[in-house]
Amino acid sequence: MIKYKGKMDIKEIKKQVENALKKASNLEQIDEIWRGFLGRKGKVTMRLRELKDLPEAERKKQGKILNQLKEDLDNLFKSKIAEVQNAQYEKQIEQEWIDVTRPSYKKERGSVHPLSKTIAEIEDIFASMGFESIEGPQIENEWYNFEALNIPPNHPARDLWDTFWLKDGKKQKPGDKAGRTLLRTHTSPVQIHYMEKNNPPLRIIVPGPVFRYEATDASHEIEFYQLEGLMVDENISVANFRAVMREFLSRYFKKDINVRLRPSYFPFVEPGFEVDITCTNCEGSGCSVCSQTGWLELMGAGMVHPNVFEAAGYNPENYTGFAFGVGIDRLALMKHKIEDVRMFRSGDIRFLGQFK
């Protein structure tokens, strides 16, 4: 058997490697040992280079022995590497261990706002009856918000709306299609915008926010959603309005709703009427909610005033139509039996979470 420098034979080399690997605890240490024995200048590599100086027969014999040694050492290194990697993996698993049987934390999920759900439901019902849902500007001028709706400057009916005025423009003069700007007090101005660009027959609803400068309480807010409706064609009558309202309300409240009309005044309709519906709480038998009458006041409506048609460019001799306006917040309050309208904008997730 060949003797090496330092009087180290093959068995001694293998034992040295085994002892060194037993002390190694990471891949860096294993790599250092490997370079000492099998690297470019490693002990075994150097011995393999020395074979060229031996006679051919001896070179073959010792070459076979050294190659076997190299293979044995390779296996030792591979085994140790696998051992260290497994140990590291087990340690990582232990550190990152998760108890899959432990109850997880409940993640709160958001929900569609009750007013948004109400609007979507309203739009679906009216769409099935051929009504188109449209939008309009929330900042208006005096012409569209008042005069085009038969409320001229200095008309006492303007006192019915507590208005947020913007600091631009001059006070409107009669016939002036401009004037001061304001946050719209109702969605009715969208009727004029739409009729200016579209010819009858038409069926539209206009859901959207409106603004009133007034004190807030359980039934009033400075901002709320209003639903405006308009239907214009030849020979439209109050009977058409009552039929549309009864269909809409019965489907919205998911019960048979009767509709009662009472005479009332609104500048943009003639005749005008208040719309009462069967009490949704007692279904008409009488209770504290409806003051024992069996009826609840819901909205204002009427047949479109001829002056409104003229302002929009329609000939009132050729067309008739009805218009109505109802608070979407009020519809939601009635359906879900909510006592305070301010809850809709409170941001209280305990309240909003009930409508998932």
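**Sheets and helix packing in the predicted model**

Val275 stands opposite Met299 in strand 9, a pairing that belongs to the register between strand 8 and strand 9, which run antiparallel and are joined by eight bridges. Val269 likewise stands opposite Val304 in strand 9. The model is a predicted one, with a mean pLDDT of 85 for the protein and 94% of its residues at 70 or more. Confidence is lowest in helix 3 (residues 43-50), where the mean is 76, and highest in strand 1 (residues 132-133), where it is 96. Over residues 1-8 the pLDDT stays under 50, and for this stretch the model has 18 contacts beyond four places in sequence.

Strands 8 and 9 are part of an open sheet of seven strands, arranged in the order 1-5-6-10-9-8-7 with mixed pairing. Strand 1 and strand 7 are the edge strands of this sheet, each pairing on one side only. Strand 7 is joined to strand 8 by six bridges in the antiparallel sense, and the two form a hairpin with four residues between them. Within this pair, Val259 stands opposite Ile277 in strand 8, while Ser264 has Gly272 of strand 8 as its bridge partner. On the other side of strand 9, four bridges connect strand 9 to strand 10, again with the strands running antiparallel, and Ala301 stands opposite Phe324 in strand 10. With eight of its ten residues buried, strand 8 is largely enclosed by the rest of the structure; strand 9 is mostly covered, eight of its ten residues being buried.

Two helices that lie across this sheet can be described in turn. Helix 8 lies across strand 7, strand 8, strand 9 and strand 10, and runs at about 130 degrees to strand 7. Helix 8 comprises 16 residues (238-253), which at 1.5 Å a residue should span 22 Å, and the separation of its end C-alpha atoms, 22 Å, agrees with that expectation. Its buried residues are Phe241, Val244, Met245, Phe248, Leu249, Ser250, Tyr252 and Phe253. In an α-helix, residues three or four places apart point the same way, because there are 3.6 residues a turn. The cover over the buried residues of helix 8 includes helix 5 (114-128), strand 7 (259-264), strand 8 (269-278), strand 9 (295-304), strand 10 (320-327) and helix 10 (328-336). Just after helix 8, Lys254 adopts a positive phi of about 60 degrees.

Helix 10 lies across strand 5 (202-211), strand 6 (223-233), strand 8, strand 9 and strand 10, and its direction makes an angle of about 60 degrees with strand 10. Helix 10 also packs against helix 5, at an angle of about 100 degrees and with the axes 10 Å apart; the two helices are therefore roughly perpendicular to each other. On the side of helix 5 the contact is made by Leu115, Thr118, Ile119, Glu121 and Ile122, and on the side of helix 10 by Ile328, Asp329, Leu331, Ala332 and Lys335.

Another helix pair is formed by helix 2 (residues 27-37) and helix 4 (residues 56-95), which pack at an angle of about 170 degrees with their axes 10 Å apart. That angle makes helix 2 roughly antiparallel to helix 4. In this packing, Leu27, Ile30, Ile33 and Trp34 of helix 2 meet Asp74, Phe77, Lys80, Ile81, Val84, Gln85 and Gln88 of helix 4. The loop between helix 4 and helix 5 contains Val100, which counts as exposed at 75% relative accessibility. The C-alpha atoms of Val100 and Ser219 are separated by 50 Å, the two residues being 119 residues apart along the chain.

A further open sheet consists of three strands in the order 2-4-3, with antiparallel pairing. Strand 2 (139-141) and strand 3 (164-165) stand at its edges, each with a single partner strand, so one side of each is left without a neighbour in the sheet. Strand 2 pairs with strand 4 (residues 181-183) over three bridges in the antiparallel sense, and in this pairing Glu140 stands opposite Leu182 in strand 4.

How values were computed
Residues are numbered from 1 along each chain as its sequence is written. This is a predicted model: local features need pLDDT of at least 70, side-chain atom pairs count only at pLDDT 80 or more; totals for chains, interfaces and linings use all residues. Side-chain values use heavy atoms; hydrogens and water are left out. The expected span of a helix is 1.5 Å times one less than its number of residues. Buried means under 20% relative accessible area, exposed over 50%, partly exposed in between (1.4 Å probe, protein chains only). Contact means heavy atoms within 4.5 Å. pLDDT is the predictor's confidence in each residue, from 0 to 100. Two strands pair if DSSP finds at least two bridges between them. Axes are lines fitted to C-alpha atoms, for helices over the stretch in contact, and angles run from 0 to 180 degrees between N-to-C directions. Angles under 35 degrees count as roughly parallel, over 145 as roughly antiparallel, 65 to 115 as roughly perpendicular and the rest as oblique.
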